[in-house]
Amino acid sequence: MRKTNDEFVFFYGENYMMKQVGVHSIVSLITYLVTIAFSFRAVRGLRVDQLFKKGHTFEIQVFLLFVSIALGFIVGQFILALVDQSLALKMLF
C-alpha cells in the first residue's frame, strides 16, 4: 500500500522534506569544497608554466584555479551521484 502525500506529512512531519533538502545541500557544498581543494593540490604539481609565455603568472594562476574547479566539480558530481544511487538502492528491497 502506497502512502499518499497527506499520510507522508502526517507520519514524518511537515518539515521533514525541507530538512532533507537542506542536509543534501550542505553535504553537496562540503563535497564540492573538499574535492576542489584536493584537485587544486593535485593540479599544482603540474608544470603548466611551460604552456604559457614567460612572465604570465596571473594567467597561469587563473588557469590552475579554473582547472581545479572543473576537476573538483566533476569528481564531486561523481561522489554525490554514487551516494544518491546507493541510498536509492533501499527502495529496491
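Helices here are DSSP runs of at least four residues, numbered from the N terminus. With that in hand, we can place S28: it sits in helix α2. One thing to keep in mind as you look around is that this is a predicted model.

**The overall layout**

Let's start with the whole chain. It has 3 helices and 0 strands, and from the N terminus on the order reads α-α-α. Of the 93 residues, 14% are buried. The chain exposes about 8200 Å², and carbon and sulfur atoms supply 70% of that area. If you take the contacts with a separation of 6 or more, 68% of them come from residues 24 or more positions apart.

**Two helices, side by side in a table**

Helix α2 covers residues 16–43, while α3 covers 57–88. Here is how their lengths work out.

| Helix | Residues in helix | First to last C-alpha | Expected span |
|---|---|---|---|
| α2 | 28 residues | 40 Å | 40 Å |
| α3 | 32 residues | 46 Å | 46 Å |

In α2, the span is close to what you'd expect at 1.5 Å a residue, and the span of α3 is close to its expected value too.

**How α2 and α3 meet**

Which residues of α2 are buried? They are S28, T31, Y32, T35, S39 and V43. Part of what covers them is α3. Looking from the other side, the buried residues of α3 are I60, L64, S68, G72, G76 and L80, and these pack against α2. A bit of helix geometry is handy when reading such lists: an α-helix has 3.6 residues a turn, so residues three or four places apart point the same way.

Back to S28 for a moment. Its relative accessibility is 11%, so it counts as buried, the cut-off being under 20%. S28 and Q77 are 49 residues apart in sequence, yet their C-alpha atoms are 8.7 Å apart in space.

**A closer look at S68**

S68 belongs to helix α3. Is S68 buried or exposed? At 1% relative accessibility, S68 counts as buried. Leaving aside residues up to four places away in sequence, S68 touches I36, S39, F40 and V43. Two of those names may ring a bell: S39 and V43 are on the list of buried residues in α2. The side chain of S68 also reaches the backbone oxygen of L65, at 2.8 Å.

**The outer side of things**

Now for the surface. L71, V75, F78, I79, L82, V83 and L87 make a nonpolar surface patch of about 610 Å². One of them, I79, lies in helix α3. Why does I79 count as partly exposed? Its relative accessible area is 33%, which falls between the 20% limit for buried and the 50% limit for exposed, so partly exposed is the label that fits.

**A single salt bridge**

How many salt bridges does the structure hold? There is 1. The side chains of R47 and D49 form it, at 3.8 Å from N to O. That pair qualifies because the cut-off for a salt bridge is within 4 Å. As for their surroundings, R47 is exposed, with 57% relative accessibility, whereas D49 is partly exposed, at 40%.

Terms used. Residues are numbered from 1 along each chain as its sequence is written. This is a predicted model: local features need pLDDT of at least 70, side-chain atom pairs count only at pLDDT 80 or more; totals for chains, interfaces and linings use all residues. Side-chain values use heavy atoms; hydrogens and water are left out. Buried means under 20% relative accessible area, exposed over 50%, partly exposed in between (1.4 Å probe, protein chains only). The expected span of a helix is 1.5 Å times one less than its number of residues. Contact means heavy atoms within 4.5 Å. Patches are made of residues with over 30% relative accessible area and no salt bridge: like charges are joined within 9 Å, nonpolar side chains (Val, Leu, Ile, Met, Phe, Trp, Tyr) within 5 Å. Accessible areas come from the Shrake-Rupley method with a 1.4 Å probe; for residues, only the protein chains shown count as cover. A polar contact is a pair of N or O atoms within 3.5 Å; within protein, one must be able to donate a hydrogen and the other to accept it, and residues adjacent in sequence count only if both atoms are side-chain atoms.
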